[in-house]
2 protein chains.
Amino acid sequence: MGISERKIREKSEREGRIIATARRIAEEEGWEAVTIRRLAQDIEYSQPVVYSHFASRDAIVGAVALEGFGDMADALRAAAPESLSPREALEAVVTAFLDFAFGRPAIYEAMFVLPSGLRFARSDTPPQLRNTFGALMAAIAPFCRDAELATETFWAALHGLVELERHGRIRPAFRASRLSLVVEAICHTPDGGT
Amino acid sequence: MGISERKIREKSEREGRIIATARRIAEEEGWEAVTIRRLAQDIEYSQPVVYSHFASRDAIVGAVALEGFGDMADALRAAAPESLSPREALEAVVTAFLDFAFGRPAIYEAMFVLPSGLRFARSDTPPQLRNTFGALMAAIAPFCRDAELATETFWAALHGLVELERHGRIRPAFRASRLSLVVEAICHTPDGGT
DNA sequence: AAGATATCCTAGCGATGCTAGATCTTCAAT
DNA sequence: ATTGAAGATCTAGCATCGCTAGGATATCTT
């Protein structure tokens with residue numbers, strides 16, 4: 001049955017091309033330029049073929065977001081080799097988080113802002129999401145008792161920094177200073193949140 | 001010239017009705033239900049009349065957001081009467097922030113997430129935005145040296161908490177614990193961000 | 001009363017996400 | 001080899017969106 005296997009393989013490749021194309025257009029022109037018609041044209045199939053892979057446009061955003069979480073998990077882990085001290089590792093990880101967010105804003109948007117159908121903290125949460133959260137938690141855990149709670153909280157701080165700066169709410173020039181402040185806060189806060 | 005004044009008054013009233021209608025629909029059914037056609041129908045005028053008041057849909061979102069900033073500034077100031085200690089005032093203000101965000105999610109969305117054309121930290125920044133930032137800063141200033149930087153940073157933390165919870169990224173049940181952690185962080189962090 | 005000026009509406013443009021139904025290809029069973 | 005079922009793909013279209021051109025109507029000025 002090599003023929004049906006080839007078909008499955010071709011279908012899988014086509015799905016990958018849809019995701020890659022969506023990602024590229026989003027990065028180059030923003031998500032509002034990612035339309036089903038445009039995707040169909042770029043992969044040289046008709047629109048219903050796109051819908052045979054993804055139930056909706058949001059599902060395509062979700063697929064790009066999932067890839068993004070894989071990339072971010074890798075980036076965060078790579079930023080904190082074991083040779084670093086806890087403080088150095090923490091600084092490296094939060095810096096890597098912001099670098100990812102501002103270096104690939106469209107992917108970040110898919111991951112955290114746009115409707116994508118992805119869910120955290122559930123039994124069906126994909127490993128990419130768990131790994132991203134885990135990489136953050138590994139950096140923060142040395143500084144507190146309830147690591148999960150602290151990770152949620154300081155993850156929120158990082159996300160807030162990204163979003164407010166993206167929307168022109170805070171001064172871009174002071175990004176590094178704010179990041180230092182967050183790191184200070186993590187290092188000096190007694191874990192009293194419970 | 002009472003006639004032309006009446007016309008100006010009527011036009012202003014109509015503008016207020018557009019904003020109020022947009023706000024109501026957004027709160028009841030979400031922003032995607034706020035369409036120009038729907039607004040026109042509700043105020044009993046045709047669509048071009050709506051465009052004679054607002055240049056675009058985004059401008060309507062911006063008008064609702066501006067009202068929202070006024071409301072939020074009031075809410076934050078009301079939460080922190082002078083009789084409170086700095087620590088109590090801080091807790092009251094951050095709690096009021098989250099209460100506003102989760103109590104009126106559509107208004108919050110207009111203020112912080114949707115494109116609205118509003119700009120912070122500029123010469124033309126409206127007073128409603130300045131007052132909101134000021135109310136936050138008043139609560140945080142007692143705990144740090146560079147109040148503006150600290151306010152930006154902890155404002156980001158609050159916004160991140162709201163956004164991650166809204167998107168199902170963190171556990172709703174632990175909202176209060178995370179908030180306690182943020183307050184702890186503000187109170188115990190030496191102001192080393194500069 | 002008549003011309004100028006606002007004011008407002010009808011109708012429509014070019015998009016969007018998404019889908020029904022027809023067409024064409026492929027494969028299994030006779 | 002033929003035929004009928006099953007699957008893959010496309011054409012064409014629906015409903016809706018933000019937004020606008022151009023004509024009709026009402027109002028004001030002279």
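Here are three short exercises with worked solutions on this predicted model.

**Exercise 1. The surface near DNA strand C**

Find which residues come nearest to DNA strand C, and work out which elements supply the surface around the strand.

*Solution.*

Step 1. Start with the residues around the strand. There are 17 of them, and those that come nearest are Arg37(A), Gln47(A), Tyr51(A), Arg57(A) and Ser46(B).

Step 2. Now pick out individual polar contacts, for which the N or O atoms must lie within 3.5 Å.
- Arg37(A) places a polar side-chain atom 2.9 Å from a base nitrogen of DNA strand C.
- Tyr51(A) has a polar side-chain atom 2.9 Å from a phosphate oxygen of the strand.
- Arg57(A) uses a polar backbone atom, which is 2.8 Å from a phosphate oxygen of DNA strand C.

Step 3. Assign the surface to elements. Two or more residues each come from α1 (2-29), α2 (36-43) and α3 (47-53) of chain A, and from α3 (47-53) of chain B. The most is given by α3(A), with three residues.

**Exercise 2. The character of the DNA contact**

Describe the chemistry on both sides of the contact with DNA strand C.

*Solution.*

Step 1. Look at the DNA side. Among the strand's atoms within 4 Å of the protein, sugar or phosphate accounts for 53%, and bases make up the rest.

Step 2. Turn to the protein side. Here the surface residues comprise eight nonpolar, four polar and five charged.

**Exercise 3. Where the two chains meet**

Work out how much area chain A and chain B bury between them, and which parts of chain A take part.

*Solution.*

Step 1. Take the residues and the area. Each side is represented in the contact, with 42 residues from chain A and 42 residues from chain B. Together the chains bury about 3,700 Å², and carbon and sulfur atoms carry 63% of that. Of the area chain A buries against chain B, 20% is supplied by Arg169(A), Arg171(A) and Leu181(A), more than any other three residues.

Step 2. Add the polar side of the picture. Six salt bridges are counted between the chains. One of the residues from Step 1, Arg171(A), forms a salt bridge with Glu152(B), and their closest N and O atoms are 2.8 Å apart. Ten residue pairs are in polar contact across the interface.

Step 3. Place the chain A side on its helices. Two or more residues each come from α6 (105-112), α8 (147-166) and α9 (175-188) of chain A. The largest share, 14 residues, belongs to α8(A).

Step 4. Finish by sorting the chain A side by type: 21 nonpolar, twelve polar and nine charged residues.

Technical notes
Residues are numbered from 1 along each chain as its sequence is written. Chains are lettered from A and ligands numbered from 1 in the order in which they are written. This is a predicted model: local features need pLDDT of at least 70, side-chain atom pairs count only at pLDDT 80 or more; totals for chains, interfaces and linings use all residues. Side-chain values use heavy atoms; hydrogens and water are left out. A residue is near a molecule or strand if one of its heavy atoms lies within 4 Å of it. A polar contact is a pair of N or O atoms within 3.5 Å; within protein, one must be able to donate a hydrogen and the other to accept it, and residues adjacent in sequence count only if both atoms are side-chain atoms. Helices (H or I, at least four residues) and strands (E, at least two) are DSSP runs, numbered from the N terminus. Ala, Val, Leu, Ile, Met, Phe, Trp, Tyr, Cys and Pro count as nonpolar, Asp, Glu, Lys and Arg as charged, and the others, Gly among them, as polar. Contact means heavy atoms within 4.5 Å. Buried area is the accessible area (1.4 Å probe) that two parts lose on being put together, summed over both. A salt bridge is a side-chain nitrogen of Lys or Arg within 4 Å of a carboxyl oxygen of Asp or Glu.
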